[in-house]
Amino acid sequence: MPTEIERLVRRARSAHAPVAERHAAFAQLVALHERMVFSLAFASLRDPEAARDAAQEAFLTAWRKLPQLRTPAAFPGWLQRLVGTQCARIRRKQRPVVAAPSPPDDTVARSDRRRALARALERLEPADREALLLFHVLGEPQRRIAEILGMPEATIGKRLYSARLRLRRILPRSLARELLVTAPSRDFLRRVEAGMFDELVGTYRFETQPGRIVIIRRVGDLLISEAGGQRNVLASRGADALVPTAFDGEGRFKRDHRGRITHFVYYEFGRRLGVARKIA
């Protein structure tokens, strides 16, 4: 019998499922693995903000490359390798340039803050540290943290309180304030979901017809295209391909070497009609 992870992977990359259903399946995969992914990233980078960025990019890379995964059951191990790749990229960016006699003052300051924060977090009780990072870095509500850690919600509140109090005692006030925001604006899953949608959202201009513009935007859980006075709901037809639900057309998205959307090629009735460049 296929496992839950296998079923979700198959649904998330199904060429026959509506894009909203594919996103919903992948969102469940994120919810199941976010704690593991963030823990790996934090262990590698020792910086909560950098770890969150690495975890988010790992999930978005997994979303883009999911059709390349041969064995759905291998998703957790494959995801761990993607996390390692993202952490390595961030470490390379953080590394001072060898040719420079000394790194700029702001680079030194950021490096010192990262080390101070990592040392302070290591002095917390493991459960307190995990609850604090889930709340203040990943933006998870206390109810969700209680589910993740298998504890009563009241216990999570107490752990957050004790962790904040200890950090304020051992960290400079300004550094503690950077981490201990009282109300994270968006939780981690919402950021990943936004990235899954928003990489396709934008304005596209056809190269041979500069006056022909296509706008793709998000309305709730739907992707909408607007062009030439027509408005269409878009559905998925596999990796990097969307189709309007009202007629026979297809847009196949192209990416650069960094994986960013740069163009889409538009087809109607199987015939290529033009290439549009993403301009905004």
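A helix here is a DSSP run (H or I) of at least four residues, numbered from the N terminus. I keep that in mind for the entries below.

**Entry: overview.** I am looking at a predicted model. I looked up the secondary structure and found ten helices and eight strands in the protein chain. The chain has 280 residues, and 44% of them are buried. I then checked the contacts with a separation of 6 or more. Residues 24 or more positions apart account for 52% of these contacts.

**Entry: salt bridges.** Side chains of opposite charge can pair when their charged atoms come close. I searched the whole structure, and 13 salt bridges came up. I took a few in turn.

How far apart are the closest N and O atoms of E4 and R7? They are 2.9 Å apart, and the two residues form a salt bridge. Both belong to helix α1, which covers residues 4-12. They sit three residues apart there, so about one helical turn separates them. I looked up accessibility as well. E4 is partly exposed at 39% relative accessibility, and R7 is partly exposed at 41%.

Next I checked R144 and E147. Their side chains meet in a salt bridge, 3.8 Å from N to O. Helix α7, residues 142-149, holds both. They too are three residues apart, which puts about one helical turn between them. Is R144 buried or exposed? R144 is buried, with a relative accessible area of 19%; the cut-off for buried is under 20%. I followed the shared partners from here. Salt bridges join E34, R143, R144 and E147 into one network.

**Entry: a link between α6 and α8.** I turned to R159 and D128. Their side chains form a salt bridge at 2.8 Å, N to O. This pair links distant parts of the chain, with the two positions 31 residues apart. R159 lies in helix α8 (residues 153-170), and D128 lies in helix α6 (residues 126-136). D128 is buried at 10% relative accessibility. R159 is partly exposed, with a relative accessible area of 25%.

I wanted the geometry of these two helices. How do the axes of α6 and α8 cross? They cross at roughly 95° and come within 9 Å. The two helices are therefore roughly perpendicular to each other.

Then I listed the residues that meet. From α6 they are A127, D128, A131, L132, F135 and H136, and from α8 they are R159, L160, S162, A163, R164 and L167. By type, this contact divides into seven nonpolar, two polar and three charged residues. The salt-bridge partners D128 and R159 are both on that list.

**Entry: nonpolar cores.** In soluble globular proteins, nonpolar side chains tend to be buried together. I looked for the largest nonpolar core and found 60 residues in it. Which of them touch the most other members? They are F26, F75, L121, L132 and L167. Helix α2, residues 19-45, gives the most to this core, with ten residues. Another core lies apart from it. That one has 14 residues, among them L200, V214, L223 and L242.

I went back to F75 for its contacts, leaving out residues up to four places away in sequence. F75 touches I5, V9, F26, L29, H33, A62, L66 and L69. One of these, F26, is also among the core members with the most contacts to others. L132 and L167 appear in two of my entries: they are in the core and in the contact of α6 with α8.

Terms used: Residues are numbered from 1 along each chain as its sequence is written. This is a predicted model: local features need pLDDT of at least 70, side-chain atom pairs count only at pLDDT 80 or more; totals for chains, interfaces and linings use all residues. Side-chain values use heavy atoms; hydrogens and water are left out. A salt bridge is a side-chain nitrogen of Lys or Arg within 4 Å of a carboxyl oxygen of Asp or Glu. Buried means under 20% relative accessible area, exposed over 50%, partly exposed in between (1.4 Å probe, protein chains only). Axes are lines fitted to C-alpha atoms, for helices over the stretch in contact, and angles run from 0 to 180 degrees between N-to-C directions. Angles under 35 degrees count as roughly parallel, over 145 as roughly antiparallel, 65 to 115 as roughly perpendicular and the rest as oblique. Contact means heavy atoms within 4.5 Å. Ala, Val, Leu, Ile, Met, Phe, Trp, Tyr, Cys and Pro count as nonpolar, Asp, Glu, Lys and Arg as charged, and the others, Gly among them, as polar. A nonpolar core is a set of buried Ala, Val, Leu, Ile, Met, Phe, Trp, Tyr and Cys residues joined through side-chain atoms within 4.5 Å.
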